[in-house]
Amino acid sequence: ELRDETQVLYVSPLKALGNDIQKNLEIPLREILKLTATHGLALPEIRTAVRTGDTLMHDRRAMLNRPPHILVTTPESLYILLTAEKSRHILKTVESVIVDEIHAVADDKRGAHLALSLERLEALTHRPPLRIGLSATQKPIELMAHFLTGDGRPDPAIVQIGHQREVDLAVEVPGSELGPVATHEMWDEIYDRIAVLTREHRSTLVFVNTRRLAERVAHHLAERLGRDAVATHHGSLSRKLRLDAERRLKAGEIQVLVATASLELGIDIGAVDLVCQIGSTRSISVAWQRIGRAGHWHGAVPKGRIFATTRDELIECAALVRGMRQGELDRLEIPDAPLD
């Protein structure tokens, strides 16, 4: 027997990742139901729901009236759920809480805020829920374990199955000599080179560090490849436009998608052959996350090209590639008791 109550809480730092996890849950769950039916077994339906800032009002009400067994949410939406009386009630039955891509929040105030929410959840539930943290790029892992459990508790069991992946990496520079700032001519050379690389691959993902640059790069690539071949993805776009960009990339309807950090974590974005990063990521872990979007299937080799736009950036990009080839990761530092 399966009661209508929430048992598993899945916390993801990205709204897009939450939607993806729900899809990857619902399809296998439907297949399990079909399989058991063919064997003449009656299996109760395991229901999932996503609760983020994008969730429509009627879906939010339906979730409160009939709680899902698995609830996928973000740190900020979890805080709201813990604050409102009706949603607090459905969290009382949570038995497991999964914090995905834990490294992405642990080293800033967002992580401190989430740690507080996890303690509030524990105070609310009938018994302390099992805490599970997931990450592919964390260092040191013991620090992540301590962050997950909180002070005054023993660290959890650590399952370390990490290994150094083979990766096809290179730094690209424009033909013009690099200076302290990138000229218009240099940017044109960068756009031309990305267009050439895009034509050589089935599907390309271009990462930039700001939303404004994402729009600019997409505009210039569209001039070279055609409007129907290019799309953008960043946090300022509406939910409808973001989901449409993700769908078109997965379906192979576009050749290149220009994105910010909104697509860098473990989202299933289909068969991407190449990742181009414009400028330094300022972090080895971020570079791994972004370049790891390419060749994201069994046996494939991730392929990344990092474009330096200035002299200073060239040194940083070279250090980044060297660190990745040596299997290095950034050492995370967790804020100590941020009272705000």
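# Calling exposure, salt bridges and sheet edges

Q: Why is D4 called partly exposed in this predicted model?
A: D4 has a relative accessible area of 40%. Buried would require under 20% and exposed over 50%, with partly exposed in between. D4 therefore counts as partly exposed.

Q: What makes R66 and D4 a salt bridge?
A: The closest N and O atoms of R66 and D4 are 3.3 Å apart. The criterion is a side-chain nitrogen of Lys or Arg within 4 Å of a carboxyl oxygen of Asp or Glu, so the pair qualifies. This pair links distant parts of the chain, 62 residues apart: R66 is in the loop between α2 (57–65) and β3 (70–73), and D4 is in the segment before β1.

Q: Why is R66 also placed in the partly exposed class?
A: The relative accessibility of R66 is 44%. The class covers values between under 20% and over 50%, so R66 belongs to it.

Q: How many salt bridges does a search of the whole structure find?
A: The search finds 17 salt bridges. One of them joins R127 to E95.

Q: How do we know that R127 and E95 form a salt bridge, and where do they lie?
A: Their closest N and O atoms are 3.8 Å apart, and the limit is 4 Å, so the contact is accepted. R127 lies in the loop between α6 and β5, and E95 in the loop between α4 (85–91) and β4, which places the partners 32 residues apart in distant parts of the chain.

Q: Why is R127 called exposed, whereas E95 is called partly exposed?
A: R127 has a relative accessibility of 55%, and exposed means over 50%, so R127 is exposed. E95 has a relative accessible area of 37%, which is neither under 20% nor over 50%, so E95 is partly exposed.

Q: What makes the R153 and E122 pair a salt bridge that ties parts of the chain together?
A: The closest N and O atoms of R153 and E122 are 3.4 Å apart, within the 4 Å limit. R153 is in the loop between α7 (141–149) and β6 (168–172) and E122 is in helix α6, so the bridge ties together parts that are 31 residues apart in sequence.

Q: Why is R153 called partly exposed and E122 called buried?
A: R153 stands at 31% relative accessibility and so counts as partly exposed. E122 stands at 19%; buried means under 20%, so E122 counts as buried. Salt bridges that share partners join E119, E122, R131 and R153 into one network.

Q: What is the strand order of the open sheet, and why do β2 and β5 count as edges?
A: The five strands have the order β2-β3-β1-β4-β5 and pair in parallel. β2 (48–51) and β5 each have a single partner strand, so one side of each is left without a neighbour in the sheet. On average, neighbouring strands are turned by 20 degrees against each other, direction ignored.

Q: How do we know that β4 pairs with β1 and with β5?
A: Pairing needs at least two bridges. Four bridges join β1 (residues 8–11) to β4 (residues 96–99), and four join β4 to β5, so both pairings meet the criterion. Y10 has I98 as its bridge partner in β4, and V99 has G133 as its bridge partner in β5.

Q: What makes both faces of β4 count as covered?
A: S96 and I98 on one side, and V97 and V99 on the other, are all buried. Helix α6 (residues 109–124) lies across β1, β4 and β5 and runs at about 175 degrees to β4.

Q: Why is I132 called partly exposed, and which patch includes it?
A: I132 has a relative accessibility of 31%, so the partly exposed label applies. I132 sits in strand β5 (residues 130–133). A patch residue needs over 30% relative accessible area, and L130, I132 and L134 make a nonpolar surface patch of about 230 Å².

Q: Why is I334 called partly exposed, and what does I334 touch?
A: At 29% relative accessibility, I334 is not under 20% and not over 50%, so the partly exposed class applies. I334 lies in the segment after α12 (311–325) and touches A106, D107, L143, M144 and F147, not counting residues up to four places away in sequence.

Definitions and conventions
Residues are numbered from 1 along each chain as its sequence is written. This is a predicted model: local features need pLDDT of at least 70, side-chain atom pairs count only at pLDDT 80 or more; totals for chains, interfaces and linings use all residues. Side-chain values use heavy atoms; hydrogens and water are left out. Patches are made of residues with over 30% relative accessible area and no salt bridge: like charges are joined within 9 Å, nonpolar side chains (Val, Leu, Ile, Met, Phe, Trp, Tyr) within 5 Å. Accessible areas come from the Shrake-Rupley method with a 1.4 Å probe; for residues, only the protein chains shown count as cover. Helices (H or I, at least four residues) and strands (E, at least two) are DSSP runs, numbered from the N terminus. Buried means under 20% relative accessible area, exposed over 50%, partly exposed in between (1.4 Å probe, protein chains only). Axes are lines fitted to C-alpha atoms, for helices over the stretch in contact, and angles run from 0 to 180 degrees between N-to-C directions. Contact means heavy atoms within 4.5 Å.
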